[in-house]
Amino acid sequence: VAIAPARARFVGDRPLVGLATGGADLAGREVIVLVDDGPWWFRLRGASFRGVARRDSEAEGVVWWAVAPRRVLAWDYGMIREA
Amino acid sequence: MLPPDAPVVREFLRDSLVAHVASRSAAGRPFVTPLWFTPHAGVLWVTTGRDTRVARNVARQPEVTLLLWGEARPRPGKALRLRARATRHAGLPPWALLLRIAARYYLAPGALASEFGNVTRWLLRARYYAQVGGGPGHVRLVPLDAEVVPAP
């Protein structure tokens with residue numbers, strides 16, 4: 001299974017991931033975009049977006065891929081509270 | 001590809017506290033999750049519930065790929081991609097490992113400040129862990145090879 005560092009930005013609630021030009025071709029592939037923060041337990045937080053990627057644009061040596069999320073997970077351990 | 005004992009690999013393992021672990025389900029679907037890891041004796045130890053998604057995945061598909069960001073490195077801009085073979089184990093790691101994990105993630109200077117700032121939530125955290133499906137478990141990752149990749 002492949003994993004690569006990427007830039008991420010959002011248009012509304014839709015993530016876009018940026019890979020260097022010449023990087024993997026994500027067109028039509030199922031991808032997971034993970035953004036997170038930490039590292040201490042009560043500072044662990046993040047979100048992951050699972051969806052299919054399609055090429056969006058290319059600028060300044062970065063190819064941007066739009067991901068239409070089918071499933072979103074988010075967590076923030078610092079916000080833990082009674083259910 | 002770099003061998004697991006290459007100096008730059010050791011540096012990334014030392015300077016990273018969270019690994020993004022990519023695994024594959026039995027059906028072949030990708031999954032990625034950020035996990036704490038503790039290197040010891042050539043193995044990366046990860047505590048996780050025995051029936052968490054990543055634990056179930058590696059029980060079926062042991063080859064995983066990790067991304068280490070080296071967040072404590074003086075010159076960011078690169079990441080380490082590391083292939084590893086994973087095994088799932090029931091129960092917590094041995095005590096010696098638990099002490100290493102505690103020192104790395106709960107007793108480090110930044111961690112202590114965060115821990116003491118959240119004393120009132122420790123019980124909640126314990127209850128959260130008690131809910132983990134399948135009870136306590138851990139995953140052992142044996143690095144196979146690695147490569148330094150640019151982080152755009």
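I take helices (H or I, at least four residues) and strands (E, at least two) as DSSP runs, numbered from the N terminus. The model I examined is predicted.

**Entry: backbone of chain A**

I looked up Glu60(A) first. I found this residue in the loop between E4 and E5 of chain A. Its phi is positive, about 50°, although Glu60(A) is not a glycine. I then asked whether Glu60(A) is buried or exposed. With a relative accessible area of 83%, Glu60(A) is exposed, the cut-off for that class being over 50%.

Next I checked the peptide bond from Gly38(A) to Pro39(A), and I recorded it as cis, with omega near 5°. Pro39(A) sits in the loop between strand E3 (30-37) and E4 of chain A.

**Entry: Arg45(A)**

I located Arg45(A) in strand E4 of chain A. I noted a relative accessible area of 44%, so Arg45(A) counts as partly exposed. Setting aside neighbours within four places in sequence, I listed the contacts of Arg45(A) as Val35(A), Asp36(A), Asp37(A), Trp75(A) and Asp76(A). I also took the C-alpha to C-alpha distance from Arg45(A) to Glu82(A): 18 Å in space, for 37 residues in sequence.

**Entry: cavities**

I searched the whole structure and obtained three cavities of 30 Å³ or more. The largest has a volume of about 80 Å³. I asked which residues line the largest cavity. From chain A I noted Ile32(A), Ser48(A), Arg50(A), Arg71(A), Val72(A) and Leu73(A), and from chain B Phe31(B), Val32(B) and Arg53(B). Two or more lining residues come from each of strand E4 (45-59) and strand E5 (62-76) of chain A, and from strand E2 (30-36) of chain B. E5(A) contributes the most, with three residues. By class, I recorded five nonpolar, one polar and three charged residues in this lining.

**Entry: chain B as a whole**

I noted five helices and seven strands in chain B. Their order from the N terminus is α-β-β-β-β-α-β-β-α-α-α-β. I compared the radius of gyration with the globule rule: chain B has 16 Å, which agrees with the value near 15 Å for a compact globule of 152 residues. Along the principal axes, I recorded a C-alpha span of about 45 × 40 × 30 Å. Of the 152 residues, 43% count as buried. Among contacts in chain B with a separation of 6 or more, 71% join residues 24 or more positions apart.

**Entry: nonpolar cores**

In soluble globular proteins, nonpolar side chains tend to be buried together. I therefore looked up the largest nonpolar core, which has 37 residues; Phe37(B), Val64(B), Leu66(B), Leu82(B) and Leu141(B) touch the most other members. Strand E6 (residues 78-90) of chain B gives the most to this core, with four residues. Beyond four places in sequence, Phe37(B) has contacts that include Leu13(B), Leu17(B), Val46(B), Leu68(B) and Tyr105(B). I noted a second, separate core of 11 residues, among them Leu26(A), Phe49(A), Ala53(A) and Val63(A).

**Entry: two residues of chain B**

I found Asn57(B) in helix H2 (residues 53-60) of chain B. Its relative accessible area is 5%, so Asn57(B) is buried. Neighbours within four places aside, Asn57(B) is in contact with Ser23(B), Arg24(B), Ser25(B) and Phe31(B).

I placed Ala41(B) in the loop between strand E3 (38-40) and strand E4 (43-49) of chain B. Ala41(B) is a residue other than glycine with a positive phi, near 55°. I recorded Ala41(B) as exposed, at a relative accessible area of 70%.

Methods. Residues are numbered from 1 along each chain as its sequence is written. Chains are lettered from A and ligands numbered from 1 in the order in which they are written. Side-chain values use heavy atoms; hydrogens and water are left out. On a 1 Å grid over the protein atoms alone, a cavity is a set of points where a 1.4 Å probe fits but cannot get out, and a pocket is an open set with protein on both sides within 12 Å along at least five of seven lines; lining residues have an atom within 4 Å of a point. Grid points are joined across faces, edges and corners, and a volume is the space filled by probe spheres set on the points. Ala, Val, Leu, Ile, Met, Phe, Trp, Tyr, Cys and Pro count as nonpolar, Asp, Glu, Lys and Arg as charged, and the others, Gly among them, as polar. A nonpolar core is a set of buried Ala, Val, Leu, Ile, Met, Phe, Trp, Tyr and Cys residues joined through side-chain atoms within 4.5 Å. Buried means under 20% relative accessible area, exposed over 50%, partly exposed in between (1.4 Å probe, protein chains only). Contact means heavy atoms within 4.5 Å. The radius of gyration is taken over C-alpha atoms; the globule rule is 2.2 Å times the number of residues to the power 0.38.
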